[in-house]
Amino acid sequence: MRFEARESLGAALVYASVILVAGSLGWLLWDVLGQGLPRLSWAYLSQAPEDAGRAGGIAPMLVSTLLILGVCMAVSLPLGLGAALWLSEVCRAGHPLARALRRLLDVLAATPSIVIGLFGNALFSKALGLGFSILAGGLTLACMVLPILIRTTEEAFSAVPPELRSAARALALSQMRTLVQLLLPVALPGLMAGFLLGLGRALAETAALIFTSGYVDRMPESLLDSGRALSVHIYDLAMHVGGGEGAAYAAASTLILLILLINALFLALAGLWRRRALRLVA
């Protein structure tokens, strides 16, 4: 009876935690989307801001956000995938260099974003002469996303059953073919989880971008132009613009919908690619 009571208490705590998390997320979405969605329109998404953002649209911020995100993912994806493959497939288990790298990645993942922003400002904006630019902001976010991407991708590759690797060696498959047609399809769910976690953090980041990509709310013409990301625009409207709360809710709703749209798109593409790769293996 005592064991059953502990089991019931544990189950109740688990369900209470799930309800608390789901309820908090539902309340947040209800509050933001409920006040922001009625303000969304094509004109809002395609026009430049007016009156310090109280009127007009968010077209320059939307373009700047997508450009910063593109730079971030173009840099972090190949580096993260390569480092994860080295840690899980090349470096032997327990190697001192691998242990040190994992600890450094864990420390970097826990570093506050304001510190990453100051580092990006010192390195990319000043030392490399990029100034306040979309390129500097994207490279700074790549430094922030890399630890999450590497660790989750490494865990995904490490979870692949060793029997698959043994079977690939028995069939004399090359390392590249084993990676593309065998390991990647099996590890794809974990890889996508790391990618989407990094993507969400990059899209929602504010502190790092204030010091690197800047505040300018005009349409960028190149990666070397300054650009205001959506998250920075929301912060500015909520904190520095009187009467900008409605516009901040609209911009926040756009950011949430953008995250959901990108997540759905990449999950659909990943599922399609995984099914195709598994058919090729079969």
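E154 is buried, at a relative accessible area of 2%, where buried stands for under 20% relative accessible area, exposed for over 50% and partly exposed for what lies in between (1.4 Å probe, protein chains only). The model is predicted, and for that reason local features need pLDDT of at least 70 and side-chain atom pairs count only at pLDDT 80 or more, while totals for chains, interfaces and linings use all residues. Residues are numbered from 1 along each chain as its sequence is written, and side-chain values use heavy atoms, with hydrogens and water left out.

E154 takes part in a salt bridge with R102, in which the closest N and O atoms are 2.6 Å apart. A salt bridge is defined here as a side-chain nitrogen of Lys or Arg within 4 Å of a carboxyl oxygen of Asp or Glu. This pair links distant parts of the chain, for R102 belongs to helix α4 (residues 96-109) and E154 to helix α6, 52 residues apart. Helices (H or I, at least four residues) and strands (E, at least two) are DSSP runs, numbered from the N terminus. In contrast to buried E154, R102 is partly exposed, with a relative accessible area of 21%.

A salt bridge also joins E154 to R151, with the closest N and O atoms 2.8 Å apart. Both R151 and E154 lie in helix α6, three residues apart, which is about one turn of the helix. Through shared partners, salt bridges join R102, D106, R151 and E154 into one network. The whole structure holds five salt bridges.

Another of these pairs is formed by the side chains of R228 and D236, at 3.4 Å from N to O. Both R228 and D236 are buried. R228 leads on to H233, since the two are in contact; contact means heavy atoms within 4.5 Å. H233 lies in helix α10 and counts as buried because its relative accessibility is 2%. Leaving aside neighbours within four places in sequence, the other contacts of H233 are G53, I58, M61 and A251.

Helix α10 (230-240) is also one of the helices that each supply at least two residues to the largest nonpolar core. That core has 38 residues, and those with the most contacts inside it are L141 and L199. A nonpolar core is a set of buried Ala, Val, Leu, Ile, Met, Phe, Trp, Tyr and Cys residues joined through side-chain atoms within 4.5 Å. The other helices that each supply at least two of its residues are α1 (2-36), α3 (59-90), α6 (134-158), α8 (175-204), α9 (207-210) and α11 (245-281). Helix α11 gives the most to this core, with eight residues. L141 itself is in contact with I68, C72, A202, E205, A208 and L209, apart from its neighbours within four places in sequence. Separate from this core lies another, of nine residues, among them L85, L184, A187 and L191.

Two further buried residues complete this account. T206 is found in the loop between α8 and α9, and it counts as buried because its relative accessibility is 18%. T206 touches S231, V232 and Y235, not counting residues up to four places away in sequence. The C-alpha atoms of T206 and G117 are separated by 9.2 Å, although the two are 89 residues apart along the chain. S125, in helix α5 (residues 113-127), is buried at 9% relative accessibility. With residues up to four places away in sequence set aside, S125 touches G120, L130, G131, A136, F211 and T212.
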